[in-house]
There are 2 protein chains.
Amino acid sequence: MPELTPGQFQLVYNLLSLTVATMFASGLFFFGSRAHVAHRYRPALLVSAMVVWIAGYHYFRIFQSWDGAYTVGEEGNYVASGKFFNDAYRYADWLITVPLLLVELVAVMALAKSEARPLLNKLVIAAILMIALGYPGEISDNTTTKFIWWAASMVPFLYIYAALFSKMGPVIAANPGRVGSLLALARNVLIVTWIFYPVSFLAPVLGLGGSAGEVALQVGYTIADITAKAGFGVVIYMIAAARTEAEGGLVEGAHPQPA
Amino acid sequence: MPELTPGQFQLVYNLLSLTVATMFASGLFFFGSRAHVAHRYRPALLVSAMVVWIAGYHYFRIFQSWDGAYTVGEEGNYVASGKFFNDAYRYADWLITVPLLLVELVAVMALAKSEARPLLNKLVIAAILMIALGYPGEISDNTTTKFIWWAASMVPFLYIYAALFSKMGPVIAANPGRVGSLLALARNVLIVTWIFYPVSFLAPVLGLGGSAGEVALQVGYTIADITAKAGFGVVIYMIAAARTEAEGGLVEGAHPQPA
């Protein structure tokens with residue numbers, strides 16, 4: 001771990017803590033807001049809640065690991081304590097949450113089951129391959145090895161992008177108005193935020209290292225995770241709410257509230 | 001505890017942490033998804049949630065125990081810290097969760113109460129005997145003692161297998177289509193994953209030890225637990241959802257949500 005100024009250490013420290021709060025709180029929102037949409041869209045919100053709760057757990061662990069990996073040195077800077085900083089929590093998190101994010105998206109596309117199931121199977125397998133192929137590169141110190149695994153991981157990555165573009169285009173076109181524009185927003189949030197991951201993976205290969213590189217990596221991954229999980233979940237909620245309204249809304253009195 | 005390389009230690013460490021997240025998150029899914037199925041199947045999902053929450057608690061403890069049992073030695077490898085690694089958390093977990101897994105399965109078989117109750121009583125008693133008879137063998141260092149308790153524990157184990165095959169066959173046959181094939185899947189997941197436990201129990205008897213043996217045992221138990229609890233719970237949820245759909249689905253506004 002590179003030596004950090006107090007400002008650098010505390011920026012990451014506070015951002016990680018803010019993320020714990022954001023993830024758990026947005027999970028409560030998604031969980032509770034199932035009651036505000038039609039039955040058909042409730043599983044999507046439940047999966048959104050799972051995604052951010054899993055991320056909240058991992059950010060809690062990353063926060064503890066970051067805090068433990070540093071100690072204050074003699075000159076007031078933060079220096080490595082000797083305890084390892086476990087960045088693998090991020091991979092463990094992605095391995096579970098990335099397939100679930102694709103489940104959320106397919107759920108609000110409201111495809112026929114005969115179309116949704118095979119699409120979801122392909123996307124989930126591609127997502128697991130994408131994360132699993134990235135991991136050996138992440139833990140390697142060799143630039144060539146890193147690059148080979150990065151390239152291998154990019155194959156399922158690009159497959160997911162291609163599948164989403166080809167499958168979502170017709171669904172967006174078939175839903176003019178608010179539902180269609182929100183579906184396009186969900187696709188774009190996913191596509192823009194996900195680009196951040198392979199780019200930051202390559203940062204050490206491209207020679208970006210040292211304290212600024214480490215801080216940029218932690219800040220970047222964290223902002224990308226907040227956007228791709230909590231922000232994406234909000235868009236999924238908006239789609240579910242817009243679809244519910246377009247289908248006639250909830251009938252007052254007919255929907256007892258959950259606790 | 002055998003000396004481990006950093007890669008071996010961290011593989012188990014990260015897998016245990018991932019399991020904590022998986023168990024708690026799947027528990028929230030099972031708990032919340034009661035609202036998405038007919039009343040009759042909600043208790044099965046609530047029991048599924050209990051099983052994985054109990055497992056999440058125990059994996060949290062196992063993670064802490066694993067972390068505490070090791071320290072970094074002079075050559076960078078992980079060596080025993082002197083604190084004991086409490087594998088008995090696994091037995092405590094199984095003693096509670098294995099009977100509950102059988103409750104889940106019988107609940108979605110949708111037998112008449114006069115048939116379900118005696119079946120469940122027999123299965124639960126057999127499950128408790130199976131775990132309790134395994135424990136004295138697990139904590140013994142004597143190969144003969146281990147083997148005798150293993151053999152004793154296999155009697156209720158095989159009784160459960162026989163009971164499930166004889167009782168589930170007619171139910172599967174009576175439910176052609178998606179419900180029947182999902183019931184067969186649930187039975188097969190249970191039967192295949194459970195084989196892992198008596199086999200790994202025998203590993204030390206058969207001379208598999210050392211660092212590779214310990215890592216294989218921890219990884220194997222953990223993957224078996226994820227599959228037999230969270231994965232099994234997902235199949236139970238799919239059976240409940242398929243039965244709800246086959247019975248006419250949820251009527252918008254007519255199904256109050258649980259918490």
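**Exercise 1. Find which residues lie nearest the centre of the second largest pocket, and which helices supply its lining.**

Step 1. Start at the middle: of the 27 residues lining the second largest pocket, Asp87(B), Glu138(B), Pro204(B), Glu214(B) and Leu217(B) lie nearest its centre. Keep in mind that you're looking at a predicted model.

Step 2. Now go round the walls. In chain B, α3, α4 (113–139), α5 (143–174), α6 (178–202) and α7 (210–246) each supply at least two lining residues. The largest share, 5 residues, comes from α7(B).

Step 3. Add the volume: the second largest pocket holds about 600 Å³ of space.

**Exercise 2. Work out which salt bridges Asp225(B) forms, and where the partners sit.**

Step 1. Take Arg90(B) to begin with. Asp225(B) makes a salt bridge with Arg90(B), and the closest N and O atoms are 3.7 Å apart. This pair ties together distant parts of the chain, with Asp225(B) in helix α7 of chain B and Arg90(B) in helix α3 of chain B, 135 residues apart.

Step 2. Then there's Lys229(B), whose salt bridge with Asp225(B) has its closest N and O atoms 3.2 Å apart. Here both residues lie in helix α7 of chain B, 4 residues apart, or about one turn of the helix.

Step 3. Check burial. Asp225(B) and Arg90(B) are both buried, and Lys229(B) is buried too.

**Exercise 3. Trace the salt-bridge network around Arg90(A) and say whether Arg90(A) is buried or exposed.**

Step 1. Pick up one link: Asp87(A) pairs with Arg90(A) in a salt bridge, the closest N and O atoms being 3.5 Å apart.

Step 2. Widen the view. Asp87(A), Arg90(A), Asp93(A), Asp225(A) and Lys229(A) are linked in a network of salt bridges. Over all chains, the count of salt bridges comes to 9.

Step 3. Arg90(A) has a relative accessible area of 2%, so it counts as buried, the cut-off being under 20%.

**Exercise 4. Decide whether Ile96(B) and Gly169(A) are buried, exposed or partly exposed, and describe their surroundings.**

Step 1. Ile96(B) lies in helix α3 (residues 88–109) of chain B. Its relative accessibility is 41%, so Ile96(B) is partly exposed. Together with Leu95(B) and Ile128(B), Ile96(B) forms a nonpolar surface patch with about 240 Å² of accessible area.

Step 2. Gly169(A) sits in helix α5 (residues 143–174) of chain A. At 27% relative accessible area, Gly169(A) is partly exposed.

Step 3. Leaving out residues up to four places away in sequence, Gly169(A) touches Leu164(A) and Arg187(A). Ala69(A) is 100 residues from Gly169(A) in sequence and 46 Å away in space, C-alpha to C-alpha.

Definitions and conventions: Residues are numbered from 1 along each chain as its sequence is written. Chains are lettered from A and ligands numbered from 1 in the order in which they are written. This is a predicted model: local features need pLDDT of at least 70, side-chain atom pairs count only at pLDDT 80 or more; totals for chains, interfaces and linings use all residues. Side-chain values use heavy atoms; hydrogens and water are left out. Patches are made of residues with over 30% relative accessible area and no salt bridge: like charges are joined within 9 Å, nonpolar side chains (Val, Leu, Ile, Met, Phe, Trp, Tyr) within 5 Å. Accessible areas come from the Shrake-Rupley method with a 1.4 Å probe; for residues, only the protein chains shown count as cover. A salt bridge is a side-chain nitrogen of Lys or Arg within 4 Å of a carboxyl oxygen of Asp or Glu. Buried means under 20% relative accessible area, exposed over 50%, partly exposed in between (1.4 Å probe, protein chains only). Contact means heavy atoms within 4.5 Å. On a 1 Å grid over the protein atoms alone, a cavity is a set of points where a 1.4 Å probe fits but cannot get out, and a pocket is an open set with protein on both sides within 12 Å along at least five of seven lines; lining residues have an atom within 4 Å of a point. Grid points are joined across faces, edges and corners, and a volume is the space filled by probe spheres set on the points.
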